[in-house]
Amino acid sequence: MNPATRLLLIEDDPQLGRALLKSLNDSVYATSWARSVEDGDLYLQTQRFDAILLDLGLPDGSGLDVLKHMRRRNDLTPVLILTARDAVEDRVRGLDGGADDYLVKPFAIPELLSRVRALVRRSSGFASSLWRLGELTLDVDARVLRVADTAVDLSPREFQLLYLLARNAGRVVSRASLEEGVFDLGEEPESNAIEVHIHHLRRKLGGQRIRTVRGLGYLLEAE
Ligand code: CA
């Protein structure tokens with residue numbers, strides 16, 4: 001394991017936080033500890049991490065807010081959700097929102113370390129900020145889509161939409177999750193706004209790579 005692997009732990013429970021910090025740092029990770037949504041946002045906007053461990057119940061909001069803020073900035077750092085709530089809905093929301101994995105509390109430290117290793121290993125594919133799926137390449141920094149070798153301009157919303165679908169390629173993403181990921185809180189999109197953006201995306205992608213799964217949502221075909 002690279003000793004320079006940097007983790008951000010976002011967890012408000014002081015006892016659990018201290019214990020995790022010690023275990024992670026003993027395992028050659030350099031770990032920073034944020035205790036709130038605000039704190040987490042600040043760390044993420046000022047430093048680079050290899051993976052995020054994210055608690056959901058934070059004093060000033062939900063960990064899902066931190067996740068949403070990062071994904072909206074196209075920050076692809078992998079996220080492992082640590083949740084005491086084992087409600088299916090929270091997990092689905094987390095995974096739909098772009099989390100990579102989740103672990104239900106209480107968990108054993110070796111299990112956590114093994115998940116973190118897997119996450120960091122997988123994330124090395126994102127080091128160049130390029131996301132590839134078949135002949136599609138998303139350049140997250142430049143916000144450019146390439147189909148085969150041709151650059152295709154996307155509006156910020158189209159980009160975000162494609163990003164959410166790509167992140168979940170091969171799985172259905174609900175319309176509600178897409179709306180939540182694409183529009184700001186308080187914005188009131190037209191009821192067919194997602195359909196319209198999907199329509200434009202399909203044209204730009206060429207072909208029917210985005211499938212409508214009636215009554216459920218949309219799915220980007222995994223190749
Ligand atoms: Ca908590």
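**Group meeting: a calcium site and its surroundings**

Let me start with one residue: Asn74 is buried, with a relative accessible area of 7%. Buried means under 20% relative accessible area, exposed means over 50%, and partly exposed is in between, with a 1.4 Å probe and protein chains only. Asn74 sits in the loop between α3 and β6. Its phi is positive, about 60°, although Asn74 is not a glycine.

Before going on, the source. This is a predicted model, where local features need pLDDT of at least 70 and side-chain atom pairs count only at pLDDT 80 or more, while totals for chains, interfaces and linings use all residues. Residues are numbered from 1 along each chain as its sequence is written, and side-chain values use heavy atoms, with hydrogens and water left out.

Now the overall picture. The protein has eight helices and 14 strands; these are DSSP runs numbered from the N terminus, H or I of at least four residues for helices and E of at least two for strands. Of its 223 residues, 47% are buried. Taking contacts between residues at least 6 apart in sequence, 58% join residues at least 24 apart. Contact here means heavy atoms within 4.5 Å.

Next, the metal. Which residues provide the protein donors of the calcium ion? They are Asp12 (OD), Asp55 (OD) and Gly57 (O), at 2.2 to 2.4 Å from the ion. Donors are N, O and S atoms within 2.8 Å of the metal, or 3.2 Å for Na, K and Ca; water is not among the atoms, so sites may look incomplete. Along the sequence, the spacing of the donor residues is D-x42-D-x1-G. Asp55 is buried at 5% relative accessible area, whereas Gly57 is partly exposed at 35%.

Asp55 has a further partner. Its side chain and that of Lys105 are joined by a polar contact of 2.9 Å. A polar contact is a pair of N or O atoms within 3.5 Å; within protein, one must be able to donate a hydrogen and the other to accept it, and residues adjacent in sequence count only if both atoms are side-chain atoms. Lys105 belongs to the loop between β7 (101-104) and α5 (109-123). Setting aside neighbours within four places in sequence, Lys105 contacts Glu11, Leu16, Asp55, Leu82, Thr83 and Ala84. The peptide bond from Lys105 to Pro106 is cis, with omega about -5°. Pro106 is in the loop between β7 and α5.

On to helix α2, residues 37-46. Its buried residues are Val37, Gly40, Asp41 and Leu44. These residues cover an arc of only 100° around the axis, which puts them on the same side of α2; the arc is taken over the directions from the helix axis to the C-beta atoms. Which exposed residues does the face turned away from the buried side of α2 carry? They are Glu38, Leu42 and Thr46. The cover over the buried residues of α2 includes β1 (6-10), β2, β3 (51-55), β4 (57-58), β5 (61-62) and α3 (63-72).

From β2 (residues 30-34), take Ser32. Is Ser32 buried or exposed? Ser32 counts as buried, at 15% relative accessibility. Beyond residues up to four places away in sequence, Ser32 touches Arg6, Leu7, Leu8, Leu9, Tyr43, Gln47 and Phe49.

Two of those contacts of Ser32, Tyr43 and Phe49, come up again with the rings. The whole structure holds one aromatic pair. It is made by Tyr43 and Phe49, edge-to-face, 6.3 Å centre to centre with 65° between the planes. Rings of Phe, Tyr and Trp (its six-membered ring) pair if their centres lie within 6.5 Å; planes under 30 degrees apart count as stacked, over 60 as edge-to-face and the rest as tilted. Tyr43 is partly exposed at 23%, and Phe49 is buried at 7%.

Last, helix α4, residues 88-96. Asp90, Gly94 and Asp96 are buried in α4. What covers the buried residues of α4 includes α3, β6 (79-83), α6 (156-167), β12 (172-174) and α7 (175-182). Gly98, just after α4, has a positive phi of about 105°.

One more backbone item, to go with Asn74. Ala148 is not a glycine, yet takes a positive phi of about 55°. Ala148 is in the loop between β10 (144-147) and β11 (150-153), and is partly exposed at 41%.
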